[in-house]
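Please open the model in your viewer and keep the sequence panel beside it, since the tour moves from one selection to the next.

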Amino acid sequence: MPVKVSMTVNGKPVTVDVESRTLLVELIREHLRLTGTHIGCDTAQCGACTVHINGAAVKSCNMLAVQAQGANVTTIKVGDRVMIEETRPLSKKKRWQLREILVKAEA
Ligand code: FES
């Protein structure tokens, strides 16, 4: 049964009807078409799905969309503009892992 979820995403109020089991990353990618947020591992390991919720970094593959009800969500990109900057450098190994994930996601 669909549930109405409302939140602010990248400064814009949105309301979406989703199944209660819908993950936040699915809402962001499939309902809002914000595809800069990626699904890499789907097991909360890689961080490719990271968004900011009320200013805190959260792995959106590890959170239900309904849990973000009323939240202020910021995704990594809006159009060509990067909204979330990496605040600490990634190791060379992590950069290669992330690059492989992103290449697979783009394919
Ligand atoms: S998809 Fe890898 S942590 Fe979410």
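Before the first selection, one term is needed: a residue is called buried if 20 or more other C-beta atoms lie within 10 Å of its own, exposed if 12 or fewer, and partly exposed in between. Please also keep in mind throughout that this is a predicted model.

Begin with the whole protein in cartoon view, where 2 helices and 7 strands can be picked out, following the pattern β-β-α-β-β-β-β-β-α along the sequence. Of the 107 residues, 24% are buried, and among the contacts with a separation of 6 or more, 48% are between residues 24 or more positions apart.

Next, select helix 1, residues 24-31, and show its side chains: Leu24, Val25, Leu27, Ile28 and Arg29 are buried here, and the buried residues of this helix pack against strand 2 and strand 3. Just after helix 1, pick arginine 33, whose phi is positive, near 60°.

Keep leucine 24 displayed and add glutamine 67, which lies in the loop between strand 4 and strand 5 (72-74). The C-alpha atoms of these two residues are 8.2 Å apart in space, although 43 residues separate glutamine 67 from leucine 24 in sequence. Is glutamine 67 itself buried or partly exposed? It has 13 C-beta neighbours inside 10 Å and therefore counts as partly exposed.

Now turn to the open sheet of 5 strands, which has the order 2-1-5-3-4 and mixed pairing. Strand 2 (12-19) and strand 4 stand at its edges, and because each has a single partner strand, one side of each is left without a neighbour in the sheet. On average, and with direction ignored, neighbouring strands of this sheet are turned by 40° against each other.

To look at one edge, select strand 1 (residues 2-9) together with strand 2, which pair in the antiparallel sense over 8 bridges; within this pairing, lysine 4 has aspartate 17 of strand 2 as its bridge partner.

For the other edge, select strand 3 (residues 50-53) and strand 4 (residues 56-59), an antiparallel pair with 4 bridges, and locate histidine 52, whose bridge partner in strand 4 is alanine 57. Finish at the hairpin that these two strands form, where 2 residues lie between the strands and asparagine 54 takes a positive phi near 50°.

Key. Residues numbered from 1 in each chain as written. Predicted model: local features only at pLDDT ≥ 70, side-chain atom pairs only at ≥ 80, totals over all residues. Pairing = 2+ DSSP bridges. Contact = placed C-beta atoms within 7 Å. Axes fitted to C-alpha atoms, helices over the stretch in contact; angles between N-to-C directions.
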